Amino acid sequence: MPNSLRSLILEDSATDAELLVYELEKAGFNLTWRSVGNEEEFRDALQLTWDIVLADYHLPQFDAIAAIRLLHDLQVDVPVIVLTGFVGDEAAAECIKEGATDYLLKDRLARVGSAVRGALVRHRLEAQRRKAENLLRESEERFRTLANAMPQIVWTARPDGTYDYFNDRWYEYSGLARDTSPHSAWDTVIEPEDLLQVRLAWADQVASGEPFEAEFRLRCAHDGEYRWHLTRAVAVSDGSGKLSKWYGTTTDIHDQKLSEQALERSNHMLRQFAYAAAHDLQEPLRNVATAGELLHRRYSGQFDGDADGLLHECVDSTQRMHQMVKDLLAYMKVIDRKSEPAPLVDASHALSAALAKLQGPLQESGAVVVTGALPVLRVHETHMIQLFLNLIGNSVKFRRAAEPPRIQISSEVRNREQIFRVQDNGIGFDTQYADLIFGVFKRLHLRHEYPGTGMGLAICSRIVEYYNGRIWAESSPGAGAVFYFALPLSGAPA
Amino acid sequence: MSVESTGRVRVLIVEDNPADVMLIRMALKEHAFVCDLEIAQDGAQAIDRLCGLGGYSEPYEPDLILLDLNLPKRSGIEVLQAIRGRECLLHSRVVILSSSPEDVVEQSLRNSNLVADCYLTKPPSLDEFLKVGRLIRDCFESASAR
């Protein structure tokens, strides 16, 4: 307990003052004190610092109320106990109202010690409360200054989801008056088509306390246009873990959204066009091929050698074009799944599926396939199968005549990427073509040497791009080839 | 029923591409599938023929319908819906013969709550196409044996 006490006594009776000093010292205070009797002396004494003021309620020129007002005017922060010979309830109430910490009847001076202790404690608590309030006010002012400096609409809501603050941007954008009830403000600005969904989504998030994120249109007061906005909000908890406030931002994403939609529309049309073209092209192609074959079957021998050769070339070319169109369709199909999230897939299952499909060529060539441990990762299984199918298929196709293919498949994690490796002992290729081979319809060999449309690696490359991954190859002629593809582990396709 | 009475299978080919009609005829002939053939060149004509509408005085009840899907006027799906809606065609076998892959076709029919007896893709080579004749015969015979 702090025993030293600096006490300023406003009292015109020296006896009463000494009595006070006596009681305070008796109560255990190590007292420094001064007794003053009028305003002038009181003002003079205020140049020093006091822990407490004990003021007589009734003095001829300068009483306790006047002293309290003076302390207030001079912004001197010190607790005041009012002492009085007789005091009615009204006078006591007046003292407290003016800012006295307590009051005490003079015939109960024995209690002055405990009254002072109580006053000191109450004063300290009061000061702490005021300080906290000031900090809060300052922090709120800082928040509002910051909020108003931001280019976005910023708002807050109570834990029950009712809005209680919007920054200037909101009023500028919405054209609403500042005294509009924030409670219903959103409803008048959100595009009516979006309103129900937004309300339901917001109600869900308010119930769960989980972060809120939604895209919807807001009416711009300036030109009446509904513009797309992205709204995000997070709930902040107080110390006890209870939600105390939602903080939200609303950002204009209109231009970005429109260009996204235009891009999506154009991509969609392109896909439709590609499918239609590919499908409708197949039909006459098939007819040309079969008509050529019919010609050959029925009239073969009646032509001269050149004509037979030309006919053969005709049929052969249409068959090839048929395969090319099919492969182009497969290439287009890679991005079909755009919106589906990739499931967790065991790469070793995908590898088994690919090996099963390659069973014929693998057996015929006497291939040996060595597999390391493969991971489980987020990827569409058909994509994974296609990657293995094309890369291993190439290893078998581009094998050396003298030696059965030996194909090693492994995987490791490096720099947040899952890197797959397919190595063979085949004919390899010149490193200068390492990028070219991933192009659409790109081939390094003559068709009669190695058949194929040149789409296999292009499809692989497109699949890997879909996951924001990479594909590359290392080789030199005769030394076999190593193909790598890396899929980012954070994984979601852009 | 009609097979017993005339001894010949009655077939309706719904196909707009004359080259394919010719190939189907050849393919059926190649596998000694003896039948009475009628051709409908678009979906609307097929529905009219089956229901005895338009210029046709009476409905047609073929034992086997070879149906392309991508057809002028009314699609193959609409034709199949019309077939499934006619009780007198309950015994008719329907083989879908289209240029799209079988699984794609089957799925798109299933999306319309439709099922065919058999799904075949028009192959790109003559030899393969001629084999389709045998597939059609097998499909028809196994379906009829059920």
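The following exercises, each with a worked solution, concern a predicted model.

**Exercise 1. The two chains**

Task: Determine how many helices and strands the secondary structure of chain A and of chain B comes to.

Solution. Begin with chain A, where there are 14 helices and 17 strands. Next, turn to chain B, which has six helices and five strands. Reading chain B from the N terminus gives the order α-β-α-β-α-β-α-β-α-β-α.

**Exercise 2. Burial, contacts and surface**

Task: Describe each chain by its share of buried residues, its contacts and its accessible surface.

Solution. Step one concerns burial. Chain A has 494 residues, and 39% of them count as buried. Chain B has 146 residues, with 49% buried.

Step two concerns contacts between residues at least 6 apart in sequence. In chain A, 62% of such contacts involve residues 24 or more positions apart. In chain B, 69% join residues at least 24 apart.

Step three concerns the surface. Chain A exposes an accessible surface of about 27700 Å², and carbon and sulfur atoms hold 53% of that area. For chain B the accessible surface is about 7000 Å², with 49% belonging to carbon and sulfur atoms.

**Exercise 3. Cysteines**

Task: Find how many disulfides there are over all chains, and explain why Cys51(B) is not bonded to Cys88(B).

Solution. First, recall that a disulfide is a covalent bond between the sulfur atoms of two cysteines. The cut-off for such a pair is 2.5 Å between the sulfur atoms. Second, apply the cut-off to Cys51(B): the closest cysteine sulfur is that of Cys88(B), and because the distance is 7.7 Å, the two are too far apart for a bond. Third, take the total, which is zero disulfides over all chains.

The setting of two cysteines may be added. Cys51(B) is buried, since its relative accessible area is 18%, and the limit for burial is under 20%. Cys95(A) is likewise buried, at 1%.

**Exercise 4. Aromatic pairs**

Task: Classify the ring pair of Trp155(A) and Trp202(A), and that of Phe420(A) and Phe485(A), as stacked or edge-to-face.

Solution. Over all chains, the structure holds 25 aromatic pairs. The rings of Trp155(A) and Trp202(A) lie 5.6 Å apart, centre to centre, with 80° between the planes, and the pair is edge-to-face. This pair links distant parts of the chain, 47 residues apart: Trp155(A) belongs to strand β6 (residues 153–157) and Trp202(A) to helix α8 (residues 192–208) of chain A. Trp155(A) is buried, at a relative accessible area of 1%, and Trp202(A) is buried at 8%.

Now take Phe420(A) and Phe485(A), whose centres are 4.8 Å apart with 15° between the planes, a stacked arrangement. Here strand β15 (residues 417–423) supplies Phe420(A) and strand β17 (residues 481–488) supplies Phe485(A), 65 residues apart in chain A. Both Phe420(A) and Phe485(A) are buried.

Finally, Trp155(A) and Trp202(A) belong to a cluster linked by ring pairs, with members including Tyr163(A), Phe166(A), Trp170(A) and Trp246(A).

**Exercise 5. A nonpolar surface patch**

Task: Identify which residues make a nonpolar surface patch of about 220 Å², and place Val234(A) in the chain.

Solution. The patch is made by Val234(A), Val236(A) and Tyr247(A). Val234(A) lies in strand β9 (residues 226–237) of chain A. Because its relative accessibility is 42%, Val234(A) counts as partly exposed. That value is also above the 30% required for patch membership.

Terms used
Residues are numbered from 1 along each chain as its sequence is written. Chains are lettered from A and ligands numbered from 1 in the order in which they are written. This is a predicted model: local features need pLDDT of at least 70, side-chain atom pairs count only at pLDDT 80 or more; totals for chains, interfaces and linings use all residues. Side-chain values use heavy atoms; hydrogens and water are left out. Patches are made of residues with over 30% relative accessible area and no salt bridge: like charges are joined within 9 Å, nonpolar side chains (Val, Leu, Ile, Met, Phe, Trp, Tyr) within 5 Å. Accessible areas come from the Shrake-Rupley method with a 1.4 Å probe; for residues, only the protein chains shown count as cover. A salt bridge is a side-chain nitrogen of Lys or Arg within 4 Å of a carboxyl oxygen of Asp or Glu. Helices (H or I, at least four residues) and strands (E, at least two) are DSSP runs, numbered from the N terminus. Buried means under 20% relative accessible area, exposed over 50%, partly exposed in between (1.4 Å probe, protein chains only). Contact means heavy atoms within 4.5 Å. Rings of Phe, Tyr and Trp (its six-membered ring) pair if their centres lie within 6.5 Å; planes under 30 degrees apart count as stacked, over 60 as edge-to-face and the rest as tilted.
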